[in-house]
Structures are given as structure tokens and as C-alpha cells.
Amino acid sequence: MSGHGDPIPMISERGGPLSGEAHVPGDKSISHRSLILGAMAVGETVIEGLLEGQDVLDTAKAMQAFGAEVTDHGGGRWSVHGVGVGGFSEPAGVIDCGNSGTGVRLIMGAMATTAITATFTGDASLCSRPMGRVTDPLALFGTQAEGREGGRLPMTVTGAREPMPVRYTVPVPSAQVKSAVLLAGLNAPGRTVVIEREATRDHTERMLQGFGAELTVEQTDEGRVITLTGQPELKPQHIVVPRDPSSAAFPVCAALISEGSDVLVPNIGLNPTRAGLFETLREMDADLTYENPREEGGEPVADLRARFSPNLKGIEVPPERAASMIDEYPVLSVVAAFAEGRTVMRGVKELRVKESDRIDAMAQGLRAAGVAVEEGEGWWIVEGRGFGRVPGGVTVESRLDHRIAMSFLVMGLATNAPMRVDDGGPIATSFPVFEPLMTGLGAKLGRA
Ligand code: S3P
């Protein structure tokens, strides 16, 4: 099991207004997929704007271990010399995916239909997360997996020798599971069909098409039916990674709750399967606008302008929107604390199996900071106290979860007393420049 370094205690407190431009890093989901699909293509894929967070660096290392040549050219420009579908070689050592569920689950899928064996591990957070949701459908291809009790890492996976194509309905709304099955389907002959009842982020589908795979998507009574024709030759691509809406969420939410703020967050990917938070904030009467909306690389993009919003109101978040903002509930719950009235979040059971149990982690920290929270297995309700009426003044645990750490640091920018997190180290997994970016806007935030 890998670990993190010494804990990095951090603190944030109320200060002047936030202003200026926040250039957030590249999209984490697209960064992982660029490296993995690049490794499965024949020839050289060039990636610009790759997120150089630890999660993605671990995936880059893994792709090298499977035989691809991965080169960092500096300034976010990387190249991957791929080995082709079915071309992975057996790694010599254990594959350590660190904190990344996306990394490990997608890579397991990508190697599942090649006759090699690999052992996967990760940090304490990742080793506590369920892998059966991926290894169960991979078993249908003929893949074998042996892990710890409850399907936990460390786990050894042996790829199918003679993979069969699969038809699989994903039982939980999970882009990671869907993607693992599609990546495994790449090296199975014939058609692999994946059905999802609720649409989740569709980057794998879009990118597979971009790499030249035959893939169709149909909306039927069963749900979204994705059909992939196996054993294509993937063509190397030039990818410009859009900036991550899930990272943009932090400076946006910080501006909404910090008096006098006006922040521009340029070039944010607004793929509808990812942009649910921004829609929700607007329904809460946030002063959040999309400037200069345009299309880039087939994805909708805009500059987000967020201004201080003293009259936010709590709302009932439509449960059908959950998948499009699943990583944003922690920071939404912070904004909800500064709104008038209750914010109701339902259909979010998946939050219990993220890098931490995010409902529990946020509920405990919010309560300690003076905010009432009710919760059940798949729902929670935050009782807003209104602007200027959230006490704060406590230390909360980040639980090896980057988004929990960043959410409470954003909260401290507007609570009556500072907020501390016990360990900001995990922030480096997805948003390594969080601290300088936020202080650059004027936020009083840093190492304690
Ligand atoms: C991701 C899918 C989501 C999300 C994660 C990234 C992806 O996880 O929470 O941060 O890139 O496919 P699930 O598939 O488990 O919902």
C-alpha cells in the first residue's frame, strides 16, 4: 500500500474580495483517458494541457509499465507512443495508482482482455474502495481478479486469453465502470454493448470515436446503449485537454461567498455530463455567468464569471442531475451553508464510496462549524444559515480526499472564524496549484 508524505495542515480565513482570473488545470477525466487511449493507439499521441496532478502522473507511470513510451516535454505537453489494442506487455512490478479510482479502474479495463497479469495497489483511501463493480463485468470477458476481502486492492488481474464480447447494463451510475467495460471491449472480437440507465460523463465515448473506433450511442427505453466494435486500430491523436470544471468549482464557489468578489475562470469545459453544479448554483440565485460560449475540440467551452452573491437561496437539487455534478456536492454543501433555507441533495449514494465517504466527511465538518446537516444513505440536507452567519473556527479531517480539503478551505474564506484542515496534501492529486491560484485571487489561505 502506498502512502502520502507528512500531513500538511492548512488554514483559511475571511479577507478582502477575490478578484482576477483563475486559470485552473486540465480536466482530470480527460487527462487519464488521453494517456490510456494514447497507449492503446498505434503511434504517437500528443497531449497538450495534461493535468500534472499525482493521480494522472500515476496513470502515466502505469502506461509505461505496460510498455508505452510516455514523455513529458514540459509546460503540460506530453506524448505517448502507443503499443496498439492488445499490445500491452506484462508489467515487471506492482502498479501503484495512488489515490486514483479512475486510474485503477480504467487501467484494469484496458488490460483485461490481454493475456497478461498485473497487480494493482494504491493508498489507504483507494485500498478501501470497492473494485468488484469493475471486476464483475470484466469477468464476463473471461478476466480473473483476486483481491482482498470485499474486492479491495491490492488485487491481481489476469487478462482473458480468448475474450468474449459482452453486453452489460451498468448497475450504478458510474463512468468509471462504463469506461472499464468499453476499454476491455476494445480487444474483444465483435460488439461489446454497455447500457447505462442514467447518463454519466461521456468522455470515453467521445474520445474513442476521436481515436477512430466504431462506437455508436442510442437512447432507448433501456437507457443509453453504447455499442463498440472490437479490435479497431486506434489512430494517434493530437489532444488539447480542456480545463477541469470540477477544479473550476472551487474558485467559482469561493467568489460567490466572499464579499465583493468578481472572478473570471476562463476556458472551462461545459460538457453537459459535467456542468450540473453551475446550473444548480444559478438556480440558487448565484451571480454566475457564461461569457464567450464557444466549441473547442467538439466540447462546449465558456469563460465563467462568478461574483459575490449575498442572497443565495437553498434549493432541492434535481436527483437526475446528480451524475453531472457528482464530484461537486462537497463544495456545493459549503455554498449551501451560506444560503437562506435548506438545500436538499438526493440520489447521491455514490458519494459514500468516493475517495472518502463524502456525505459523512462533509456532514461532520459542517456540523462542527455550526451548520445543521441531516443525512441518510443516499441523501443529505444542509440547513443554510445565510451570509455572515456561519461560525466556522474548527479543524476538520480531509480523510485523504482532495475535494474535502479544498471544500473546507473555501468555506473558511467566509466563516466568522478561520477553518483548518488537518492535511491539505491530497489536494496535489487533482489541483496541484490550488494554493497559489487561490492566494493569487486574494484568498487568505495557506499552510497552518
Ligand atoms: C470519473 C468518474 C466519477 C468521478 C471521478 C472521475 C471518471 O466516478 O467521481 O472523479 O473520470 O470517469 P464514478 O464513475 O465512480 O462515478
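Where does the largest pocket lie with respect to domain 1 (10–26 + 242–447) and domain 2 (28–218)? Both domains, whose bounds come from an automatic or database domain assignment, give residues to its lining, so the largest pocket lies between them. The model is predicted, with local features needing pLDDT of at least 70 and side-chain atom pairs counting only at pLDDT 80 or more, whereas totals for chains, interfaces and linings use all residues. Residues are numbered from 1 along each chain as its sequence is written, and side-chain values use heavy atoms, with hydrogens and water left out.

A pocket is here an open set of points on a 1 Å grid over the protein atoms alone, where a 1.4 Å probe fits and protein lies on both sides within 12 Å along at least five of seven lines, and lining residues have an atom within 4 Å of a point. The volume of the largest pocket, taken as the space filled by probe spheres set on the points, is about 670 Å³. Of its 30 lining residues, Ile30, Ile239, Val240, Val241 and Pro242 are the closest to the centre.

The second largest pocket holds about 540 Å³ of space, and of the 36 residues that line it, Pro173, Ser174, Ile326, Glu350 and Lys354 are the closest to its centre. An unreviewed UniProt entry, whose annotations may be inferred rather than shown by experiment, places the feature "binding site" at Lys28, Gly101, Arg129, Gln176, Arg358 and Arg403; from this set, Lys28, Gly101, Arg129, Gln176 and Arg403 belong to the lining of the second largest pocket. Gly101 is buried (under 20% relative accessible area), with a value of 2%, and Arg129 counts as buried at 4%.

Note on methods
Buried means under 20% relative accessible area, exposed over 50%, partly exposed in between (1.4 Å probe, protein chains only).
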